[in-house]
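Welcome! Here is a short, friendly briefing on a protein model, covering its surface charges and one of its sheets.

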Amino acid sequence: MPGRPKKKKQPKSVKSPHRRTVQPGGSELRHERTEENLQKSELLYQTLMKHIHLGITLIDTNYKVVTTNTGQGKILNKPHSKLVGKYCFREFEKRKAVCSHCPGTQAMAMGHPAEVETIGVRDDGSRVPARVQAFPVFGSDGTVQGFLEVVEDISGRKQAEEKLKESEKRFKTIFDNAPDGMLLTDVKSKKFHMGNKAICKMLGYTPEEIKNLTVWDITPKELSSYAIEQFEKLARGEISLAGDGAVQVKRKDGSILYVAISAFPITLEGKTYITGVLRDVTEHKKAEESLRTSEAQLANAMNIAKLGYWEYDVAEDMFTFNDYFYSIFRTSAEKVGGYKMSPERYARQFIHPDDASMLETETKKAVESTDPNYSRRLEHRIIYADGEIGYIVVRFFVVKDKQGRTIKTFGANQDITESKKAEEELNIYREKMARAERLASLGTLSATLAHELTQPLTVIRLSLENSLDDLEAASGSQVVLDMLKDGLKEVSTATSVVDRFRNYARQSSRKTLCQTNISAIAGRIIQLLDNPAQRAKTTLHLKGMDKLPTVCSNEKDLEQLFFTLTENAIQAADGRKPHQLTIEGVVKGGNIELRFADNCAGIAPENLNKIFDPFFTTGSDDGRTGLGLPIAQRIVSESGGKIRVQSRPGKGTTFYITLPIHSETVK
């Protein structure tokens, strides 16, 4: 260790950093006010030094304490006045020479603050963990005169860290010896951080092999989208039990297990993981499937038990409803007088008047049917208890006696009001998009016509003017001259029409710019297209959108861009197997990069170079105009960005879009 540092030349005095010198020449009143302000500043300084819990010490270049506060004395458990004039390294850490880790040394050498965590030693030998910050102190000539050291007692934090380590140690012991399988999974990568003995035995992997696996590796391929959806719901805390009690997982040998998975978040070593508890319910699942096979009717009732369940007794001519049924109608059994109700009262109280006859007709059909497997699905309007109009879908079945007579019908109602509203909103939005496409096509047509007609009209005008000049010079026929003048006049009229087309095209391209939140637009479009995506078995994901800055752009243009690319992916799904579209956004340099990546049908190679051509479409009678992607390309281009596409037939398509954060005025 180095010896005691050599003495350096000290400044004549060390002044409090807040003191100022009053310049001569001011008035007496001004001098008094300055003195008063200095006294107040001094009082504030002394109060701060006395009562602050941090240790504050001024140390010279020889590492001797010039002044310190009561906070430093409390940390070292001795009167702070006894520290003045002593070497800091002796008083603070009981060392014989300057500490090698001394932040003051660093601060004086580098000329800027330094920090370190160390262990202080009191006179009684007890130790105190401390966070030490050092700030260089400069004289009027700019030379370093020492440093100001701020010390914080971090005993409480250190004790908390030790308790956390002990808690994590106990958790790992319990985790590894738990009878159920347990997995710690990273939320973002979905990679397993660790697994216990039970899960290793259950899946057939070693603990080291488990650490190299992800959620996908233990999920049957055909269920991967569903498994990720369940995992993300668990991670967000939306559910605590995955898969309605049973999920398929794949063992190392490829065999399938049914497990019940519950999950909760846990922080380990400063990082948060999802802790999954897996219990093998394979035997239970097999028994359940056997029961479902042998008792199909009971299975149907179980499948719809979470809906608004009801029964109709033919002999009694009465409906029986459950609590959830009433909750659909925003009321309860207590409010309506019980769980039983006549068909007439039910129709009068809950069915829309224009659809009331449907209940009577369908009930009659079910009772009179001779088919033992008779079932129906229908939609109709309802009246909630608060008077609002809604929609439900009804699924029902019949029960026959030995003579083949219907003795009961049963089924469930499901409220589809929100999905109906969503469909209506989507239809309205589609009409807006179609109108925008028509306007865009008209603008494009106007610009094209104006461009194509300008040149021939100019040639005709020049030809007529030259002919007039020649005939007038040759004293030609006045009739011919008049006819040529009339022709020249009509050419002028046609030119005016072309100019109007050109002006319309320019006006239709003008956009109103504002600061636009891309994340909000993406959220609206995802919500709008959620139902069509579900019908197409396509899951829509947003990634990183909430971290994007606002951009100066036209909001409707960006909505149309997101709508077009999202709907294209949904239309490319076959609806037979699960698909997904991930919309990801990142900031790179001064640009926002968007990626629309799906695993749907893809684009045929021969069509890949045509998709941005106006009016090109692979659909025949599906109502498509072939302007969606050309307009999307125009929107990106007018924003100063770029769009490109990659696609593999049968594998999927990815659109890459670059938008500048600071856009220029739209052209």
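Which residues gather in a patch of negative charge on the surface? They are Asp313, Asp317, Glu344 and Glu360. Please keep in mind that this is a predicted model, where local features need pLDDT of at least 70, side-chain atom pairs count only at pLDDT 80 or more, and totals for chains, interfaces and linings use all residues. Residues are numbered from 1 along each chain as its sequence is written, and side-chain values use heavy atoms, with hydrogens and water left out.

**Charged patches**
- Patch members have over 30% relative accessible area and no salt bridge (a side-chain nitrogen of Lys or Arg within 4 Å of a carboxyl oxygen of Asp or Glu), and like charges are joined within 9 Å.
- In the negative patch, Glu360 sits in helix 14 (residues 356-368); helices are DSSP runs of H or I with at least four residues, and strands are runs of E with at least two.
- Glu360 counts as exposed because its relative accessibility is 62%, and exposed means over 50% (1.4 Å probe, protein chains only).
- Lys221, Lys577, Arg648 and Lys651 form a positive surface patch.
- Lys651 is found in the loop between strand 22 (642-648) and strand 23 (652-660), and at 53% relative accessibility Lys651 is exposed as well.

**An open sheet**
- An open sheet of 6 strands runs in the order 13-12-11-16-15-14, with antiparallel pairing; two strands pair if DSSP finds at least two bridges between them.
- Strand 13 (340-341) and strand 14 (375-383) are at the edges with a single partner strand each, so one side of each has no neighbour in the sheet.
- Strand 11 (residues 308-313) and strand 12 (residues 318-321) run antiparallel and are joined by 4 bridges.
- Glu311 stands opposite Thr320 of strand 12.

Definitions and conventions. Patch = residues over 30% accessible without salt bridge, like charges linked within 9 Å, V, L, I, M, F, W, Y side chains within 5 Å. Areas by Shrake-Rupley, 256 points an atom, 1.4 Å probe, with all protein chains shown as cover. Lys, Arg positive; Asp, Glu negative; His and termini not counted. Charge placed at Lys NZ, Arg CZ, Asp CG, Glu CD. Buried < 20%, exposed > 50% of the residue type's maximum accessible area, 1.4 Å probe, protein only.
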